[in-house]
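Open the model in your viewer and keep the selection tool ready. The stops follow below.

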Amino acid sequence: MATIDEVLGRVRSFGSEPRVVVHRRGPSPFPLSCSLSNPVPWSADKVEAACSASLPSDLKAFWDRVDSARLFEDVEYGQWGLVFWSAEEVAERSPKIARERSRDYRPGDIFIGEFLGDSDLLLIRGDRSAPDDGQVMIALPIDRRAEWDTVGSSFTDFLDQYVRASGDKFWESERASQPRA
């Protein structure tokens, strides 16, 4: 498995200059760009207290290297891409989202980002006593938690897959290929 440094290296090599990428259905309809902000001092204790959760080590490593990130962003219309919030934003936003989505919230849920152009949120599990600790999920706005996709066994696993897919929502093609009951 790749390391955070390897994945961030691939993001940096993609660059911030917008360009068309090829997704599974063909070329992206608009140029995409990646940007990483410089790291800033942050407190793991503050985020863990605000979210009532334990931060996975690879998420901590990410915030030690970058403050926030905008990956494969449609810079022309703002209708595509993934925004990883800073640790400060997570400490502020995640508890509010947990209250708003209380029917599906579980202790240890940490909301860490949002997809542009829709209401999907990125969630990482931070409950060391749970079997799904560290897993990454897509929190859908309307569907119940049972319908949410698990998209990585860890933050690094998800980030690696997402970067390799050039920002394509790889889990949607996996869902479409599964037989219906």
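In what order do the seven strands of the open sheet run? The order is 3-4-5-6-7-8-9, with antiparallel pairing. Strands here are DSSP runs of E, at least two residues, and helices are runs of H or I, at least four residues, both numbered from the N terminus. Two strands pair if DSSP finds at least two bridges between them.

This is a predicted model: local features need pLDDT of at least 70, side-chain atom pairs count only at pLDDT 80 or more, and totals for chains, interfaces and linings use all residues. Residues are numbered from 1 along each chain as its sequence is written, and side-chain values use heavy atoms, without hydrogens and water.

Select 32-36 and 149-152. These are strand 3 and strand 9, the edge strands, and each pairs on one side only. From one strand to the next, the twist averages 30°.

Stay on strand 3 and add residues 69-74, which are strand 4. Four antiparallel bridges join the pair. Pick Ser33: Glu73 in strand 4 stands opposite.

Now show residues 4-14. This is helix 1, which packs on the sheet and touches strand 3 and strand 4. Contact means heavy atoms within 4.5 Å. The direction of helix 1 makes about 125° with that of strand 3.

Next, select 44-51 and 87-100. Helix 2 and helix 4 pack here at about 10°, their axes 8 Å apart. Axes are lines fitted to C-alpha atoms, for helices over the stretch in contact; angles run from 0 to 180 degrees between N-to-C directions. Helix 2 contributes Lys46, Val47, Ala50 and Cys51 to the contact. Among the helix 4 residues there are Glu88 and Ser94.
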